[in-house]
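Ready for a few exercises? Have a go at each one yourself before you read the worked solution.

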Amino acid sequence: MGIKPQDNIRILLVEDDTSVVERINESLSQFVFQMQIQWSQSIESAIELLNKKQTEFDILLVSYKSSNAEIFKIISIGKDLRAPVILLIDSTSEEASLQSLRTNVEEIVIIDSNNDYLRYLPYVIKNTNTRVRSRYKGVSNINLLSVIVEKLTTTRGDAFYSTLTNELTKILQVDVALVAVLNDDQYLKAHTLSINAYGNNLHNFTWNLEGSPIKKSISQGCLVCIEDLRKKFPNDIMSIDFNSQVFVGVPLTNSQNIVIGVIAILHSESFNNYNEIESVVKGIVPLVSIEIENLIEKKELENQANIIDQLDQAVIFSDKNGKILNVNSFAEKLLKFSKHELSGQMLSAFCDDDQLGLLNNSLLETATNAKVISYDIKLKPKIGEKLKLNIKQYPNKNYFGNIVSISLVITSGLNPMLSKFDANSKLTNNSYHFNHTQLPIIEYNSNIEIVNWNPSARSLFGYLDADSIGSKFTKLFNNENTISFVEKLASSKSFQTNSITNNGTNIICNWYSTPLHDPNGELIGYSTIGQDITLKTKNDQALRDSMESAIADNQAKSNFLAIMSHEIRTPMNSIIGFSDLLLDEDLNPYQQDCMQIVKNNSRQLLELLNNILDISKIESGRLAIIKNVEEIENLIAQVVDTFWISAQSKGVNLTFEIDPSTPKTIKIDIVELRQILINLVSNAIKFTDSGEVKISVSAKREIVGNELRLNFSVADTGIGIPLEKTNTLFELYSQVSHSMEKRYGGTGLGLAICKKLCNLMSGDIWVESKIGLGSTFYFYIMAEAVDENILHENKKNESKYPFIILSDSCPMKILLVEDEYNNQKLLNNILTRLGYNADLANNGKEALDKLSLKNYNLILMDLQMPVMDGLTATKEIRCGNCGNNNKDIYIAASTAYAMAGDRERCLEAGMSDYISKPILKKDIIKLLNRAFEKISIKAGSDQ
């Protein structure tokens, strides 16, 4: 299993007395933390070791010798490397001479054999390490980034990558950081360039990407954070070797925006500073991408240089501008220059002035358009007359498709019996990439006959050269039309083919074609490079099938939840509604208590149902964030009012504090923010038996625009949460323990909903807690600062109707359309108490019949009814089938369905309003208020 950095302290011990070393080892053997101790017998050797930077140290444990002036140098080096220095002195008499060093020395430990101070060394080391680590946590993102960039820009070669990983882990306080480059095998594998000291076993390691979180980072093409790594990737080496729970990965791209590598960060716990990590990692990505791209191109050039020596023709290897990078022995003999003399020279230096245009244009054509071209040119050797040579020029690409160099293959006196293409093909066949790339390459002459192909193409189709070379293209693509195939070859666009191999296997390939021309511009054939996408196509189809299945499953789940919501809400409507009515009656104390218990437990059932529906909405992506202008103080006060009585009944003081810098008026989704606060405050009071629950709010304005970061905390003095449980606290159905569930209740949905709502509002949530001392939940969301006058203007336009409206102040004729007997009684009872004598219809058909006989102002319409449902009845009314005078009647949906989209479906059907069961008296009062306001406005406009 991996070792966390804070549990594995790397120490460099500088001491020349072996007896002291033995005493130190004995003292540190009692240390509960794991350590890596490296012993250096002199300060000089320690300085040499530190300057090499091959190993990172967390602590420098240095024995002070007054005669050694180098002590100042090692203290200075330690400061530069952010490795704190602890001095070991053998007598208190030395203390005066150390006064000048105290500003750069973290601690001093006396190792006098007459005193047993050395036993405190483990605690000094532990406290020093913790103190120095926490010191860097306060550094701003810009400073963190500048520290790493400064280190990287002054580091070259392999040390660049080790510096990168070690600096990331040290500054960001994470367990593991690694940087890897992708192999040129369709992104199937990655090779580790470096990993910090806690992953030595993975240096220069190559692993398959399938089933790896790195694959997810690559496929998404952006920074990803996976917080349940061990659950999602249980078999991945990152989860196993480091016991990591959280993964952050960001792909590295080259100048062509092709992924070439990845930076990964792993940690055993959730990040509280994810934004800090994101900004630092994103900030160094361009620098690291350039370094890796240079590394790849360097290795490509080295591979090319090694290959050209094996060819039996003279080859000059140049960059895209004609600068000679390498030549083979044939070219040396031909030009009579050594490789050393030619390297770094421009090709133009060996060319006649009148042919410079030909050379430069040819190089530009190949470098820009990747064309294989042929031309005659004269080159000046070191000794002798000018050589009239024929040059075949080829672009050399790395596996990311970038042209990194040009091969100039020199031939003299071509056999005139060879066809134009045969000569070109023979030379192409000597290309390293042609023979060694895993991509199939097929070359055709102008008659679309196969004249050459590479080993990968031969392996893909399963034919011998004798069976294919000289054959028409239909040998491989028998379902292709000749004219159509020629058009595809001549086009600059890629095209796809379906083929059957020699063994009968169906394969699908993508092909890219390059027309080939002779020096006179005449078309002599085509060179095609392909990619077998059979597996990818099958995987894509499997993914589409999987997505369709997932959509069907999700729809089935939504339908099930909708049905269950209806079935549960229907009886709950009666229970909550009648208990609410009875509590308004003159009950004796015992009856009052019983009914209150019924109402409270019904509320808990309703809260559970709402939580389940909220989770379903969020996971389906149907929960929209709707921002309105609000006053933050009013919201906090409302939440406090909601829980004031329950807090006081437990002797808990419920308070709130708003930082003066927080704008009074902001634009937020008040509904979702209120739910987060209610869930957190409810939990805080539930788990606090005495003391205080405090809500705190502050704001931080972004540099650009009106965007605000609203920071909240809900702190309590309750029972606290074990550290090992905080990682899973925000997961669905997560409980701290079964015993707590039994004692305090709850479903484990509330905090999961808080987490998802925070994320929807571009924020996050986390917790800090100590057993017995309480917990503090922190969260932040993004909002907008607005002018306070906007809110005041909105308040002017609010309805002036009182909250409770009776029939004498809000006269209306009401038709109640409801099929369920208990709901009929409940709604009729509520309306009667408010002074209304409503008519009753058992279904939509009866409602239409009653409308034809009597005029009504308001219809309270259930949705699910036999004979005719509420939506159908509403559409009939709006179509004028019940008379033109009823077309605009106010229709309010009354339903036990509460899924995402139900309200929209009601409004699309023509309904005027919507209330969800269970329905309370206050819900009916609000509905009557809205309906009467609209009816009054319409009546005024008709006069």
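**Exercise 1.** Is glycine 835 buried, partly exposed or exposed?

*Solution.* Keep in mind that we're working with a predicted model.
- Step 1: find the residue. Glycine 835 sits in the loop between α26 (821-833) and β30 (839-841).
- Step 2: look up its relative accessible area, which is 44%.
- Step 3: compare with the cut-offs. Buried means under 20% and exposed means over 50%, so glycine 835, at 44%, is partly exposed.
- Step 4: check a residue elsewhere in the chain. Cysteine 810 is 25 residues from glycine 835 in sequence, and their C-alpha atoms are 9.7 Å apart.

**Exercise 2.** Work out which face of helix α3 is buried and what covers it.

*Solution.*
- Step 1: list the buried residues. In α3 (residues 71-80) these are Ile71, Ile74, Ile75, Ile77 and Gly78.
- Step 2: look down the helix axis. The buried residues of α3 fall within an arc of 160 degrees, so they line one face of the helix.
- Step 3: turn to the face pointing away from that buried side, where you'll find the exposed residues Lys79 and Asp80.
- Step 4: see what lies over the buried residues. The cover includes β1 (8-14), α2 (43-52), β3 (59-63) and β4 (85-89).
- Step 5: go past the end of the helix. Arginine 82 follows α3 and has a positive phi, near 55 degrees.

**Exercise 3.** Trace the open sheet that contains β17, and explain why β18 and β19 are its edges.

*Solution.*
- Step 1: write down the order. The five strands run β18-β17-β21-β20-β19, with antiparallel pairing.
- Step 2: find the edges. β18 (450-453) and β19 (495-500) each have a single partner strand, so one side of each has no neighbour in the sheet.
- Step 3: add the twist, which averages 35 degrees from one strand to the next.
- Step 4: follow β17 to β21. They pair over five bridges, and isoleucine 442 has threonine 528 as its bridge partner in β21.
- Step 5: follow β17 to β18. This pair has three bridges, with tyrosine 444 bridged to isoleucine 450.
- Step 6: inspect the hairpin of β17 and β18. Four residues lie between the strands, and isoleucine 448 takes a positive phi near 60 degrees.

**Exercise 4.** Which residues touch the most other members of the largest nonpolar core?

*Solution.*
- Step 1: among the 43 residues of this core, they are Leu673, Leu677, Leu680, Phe712 and Phe779.
- Step 2: ask which helix gives the most. That's α22 (residues 670-686), with eight residues.

Methods. Residues are numbered from 1 along each chain as its sequence is written. This is a predicted model: local features need pLDDT of at least 70, side-chain atom pairs count only at pLDDT 80 or more; totals for chains, interfaces and linings use all residues. Side-chain values use heavy atoms; hydrogens and water are left out. Two strands pair if DSSP finds at least two bridges between them. Helices (H or I, at least four residues) and strands (E, at least two) are DSSP runs, numbered from the N terminus. Axes are lines fitted to C-alpha atoms, for helices over the stretch in contact, and angles run from 0 to 180 degrees between N-to-C directions. Buried means under 20% relative accessible area, exposed over 50%, partly exposed in between (1.4 Å probe, protein chains only). A nonpolar core is a set of buried Ala, Val, Leu, Ile, Met, Phe, Trp, Tyr and Cys residues joined through side-chain atoms within 4.5 Å. The arc is that of the directions from the helix axis to the C-beta atoms. Contact means heavy atoms within 4.5 Å.
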